[in-house]
Amino acid sequence: MLSRRIIPCLDVREGQVVKGVRFRDHAVVGGIVELALRYRDAGADELVFYDITASPEGRSVDRAWVERVARKIDIPFCVAGGIRSVEDARAVLHAGADKVSINSPALERPALIAELADAFGVQCVVVGIDSLRDADGQWRVRQYTGDPSRTQALPRRTLDWIAQAQDLGAGEIVLNCMGSDGVRQGYDVAQLAQARAVCEVPLIASGGAGAAEHFRDVFTGADVDGALAASVFHSGAIDVSALKRWLANQGVMVRVAIEPETCDG
Amino acid sequence: SSASVVLVDAGGTNIGSVRYALQRLGVDAPLTSDPAAIRAAGKVILPGVGAAGPAMARLQALGLIDVLRSLTQPVLGVCLGMQLLCARSEEGDVDCLGLIPATVRRLQPASGVRVPHMGWNRLRTCSEHPLLDGIDADAQVYFVHSYAVPPGDYTLVSARHGVPFSAVVARGNFFGMQFHPERSSTVGARLLRNFLAL
């Protein structure tokens, strides 16, 4: 049986991992490779690196750090931010990333999803969706959320966009529930359960993790394939290895990491 | 001089990742599509991410089909590379190398069974083999695929995603791993080390 995935998300800026409100008050958390290895050793199933400055600066991801990560890391990792074309994606994938995640560029031009799927296979193509509930009770997609001054509410319903994205060739959907993001009161299980009902490809929950119970609740309540979180892991509030042991005790199927073998020459 | 391990450059995007994984084990395996270098290598690894049709077309264009078929040293196909070892693939309905007597089938989505099969899944060992030395019965590895090789007498390890399928296959000197050992952490490193020691 497939394990539920625990996925730390690392915001990358100028070659380092940062935390803070996007585009403001960034504090350097540490080096990319060093943090990636720490999460790998703790049993993270996958890592997402979000190049937070690539997209607003109109440039593609710096492939040098992607390659440094790929040399050292032996778990899968996804790169997000600044990927707007097949060529952008090719550079990142050839540098060693396993997947690319696209968000606003896919909304600007949905055909990009199909182009990436044709070029690299659906398994490489993750579509990130930022979603917020409107006053009429509908969840709708937000665009350019990386920059508060540019964020736009779209008429597109989140569930419709999930369906369209997977029709076009998305191999995985990351649904970031903005209403719960940063609040640490739990994932938006109700929204994710509705997304699950229309999503036939792997679905990753994002936004709201604050306690171990939140991970259990989103796995059991929304049947998501993975749960992504950033600040609770970076701050040390939740330790990945302790979280996975706890989830296993709660009956959630997870992978408990095996210590690297000592070198026996 | 001939390298002891070579990676066949058949396209696909995970070649770098496999190469780095071997470097972490102290082996620098060059990427090559040169028939002489492939024939002379002590071990040959055929990686591959992508679709079966374009990959077979590329092997054909490089003149590598008969080269690969005639190899007698240990050969390891990874992910799509394993599927290419089979007789045929439903993906694009294409003839493959014919070294494992199987037809690669599309995984069928079902309730709770998502396709692509993406993530860490448990291995179920079917037989004893030096390739599996030190691998625990409930070890987990990282899979990403939409097509799979059905179980058969060539299956060394099976896994289950809705239905059982081959996770590791062996036939003579040809081996295949459906998952990504280069992305399967400690378990994957051990499997690669075991292959290098064959």
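Reader: Which residue stands opposite Ser206(A) in S11(A)?

Author: In this predicted model, the residue opposite Ser206(A) of strand S11(A) is Asn176(A).

Reader: In what sense do S10(A) and S11(A) pair, and over how many bridges?

Author: Strand S10 of chain A, residues 172-177, runs parallel to S11(A), and the pairing extends over 4 bridges.

Reader: Which residue is the bridge partner of Ser206(A) in S12(A)?

Author: The partner of Ser206(A) in S12(A) is Leu228(A). Strand S12 of chain A covers residues 226-229, and its pairing with S11(A) is parallel, over 3 bridges. Ser206(A) thus has a partner in S10(A), namely Asn176(A), and another in S12(A), namely Leu228(A).

Reader: Which helices join these strands into β-α-β units, and of what hand?

Author: Each unit is read as strand, helix, strand. S10(A), helix H7 of chain A (residues 189-198) and S11(A) form a right-handed β-α-β unit. S11(A) then enters a right-handed unit with helix H8 of chain A (residues 212-222) and S12(A).

Reader: Which way do the residues of S11(A) point, and are they buried or exposed?

Author: From strand S11, residues 203-206 of chain A, Leu203(A) and Ala205(A) point one way, while Ile204(A) and Ser206(A) point the other way. All of them are buried.

Reader: How should the buried residues of a helix be read?

Author: The turn is the guide: an α-helix has 3.6 residues a turn, so residues three or four places apart point the same way. In helix H10 of chain A, residues 240-249, the buried residues are Val240(A), Leu243(A), Lys244(A) and Leu247(A). They line one face of H10(A), because they fall within an arc of 95° when viewed down its axis. Ala242(A) and Asn249(A), on the other side of H10(A), are exposed.

Reader: What covers the buried residues of H10(A)?

Author: The cover includes strand S1 (5-13), helix H1 (32-42), H8 and helix H9 (231-234), each from chain A. Just after H10(A), Gly251(A) has a positive phi of about 90°.

Reader: How many residues does each chain bring to the contact?

Author: Chain B brings 31 residues and chain A brings 30 residues. On the side of chain B that touches chain A, helix H1 (15-24), strands S8 (117-122), S10 (140-145) and S12 (155-161), and helix H6 (185-196) of chain B each supply at least two residues. H6(B) gives the largest share, 6 residues. By type, the side of chain B that touches chain A has 12 nonpolar, 13 polar and 6 charged residues.

Technical notes:
Residues are numbered from 1 along each chain as its sequence is written. Chains are lettered from A and ligands numbered from 1 in the order in which they are written. This is a predicted model: local features need pLDDT of at least 70, side-chain atom pairs count only at pLDDT 80 or more; totals for chains, interfaces and linings use all residues. Two residues are in contact if their C-beta atoms, placed from the backbone, lie within 7 Å. Ala, Val, Leu, Ile, Met, Phe, Trp, Tyr, Cys and Pro count as nonpolar, Asp, Glu, Lys and Arg as charged, and the others, Gly among them, as polar. A residue is buried if 20 or more other C-beta atoms lie within 10 Å of its own, exposed if 12 or fewer, and partly exposed in between; C-beta atoms are placed from the backbone. Two strands pair if DSSP finds at least two bridges between them. A crossover is right-handed if, with the strands pointing away from the viewer, the path from the first strand over the helix to the second runs clockwise. The arc is that of the directions from the helix axis to the C-beta atoms.
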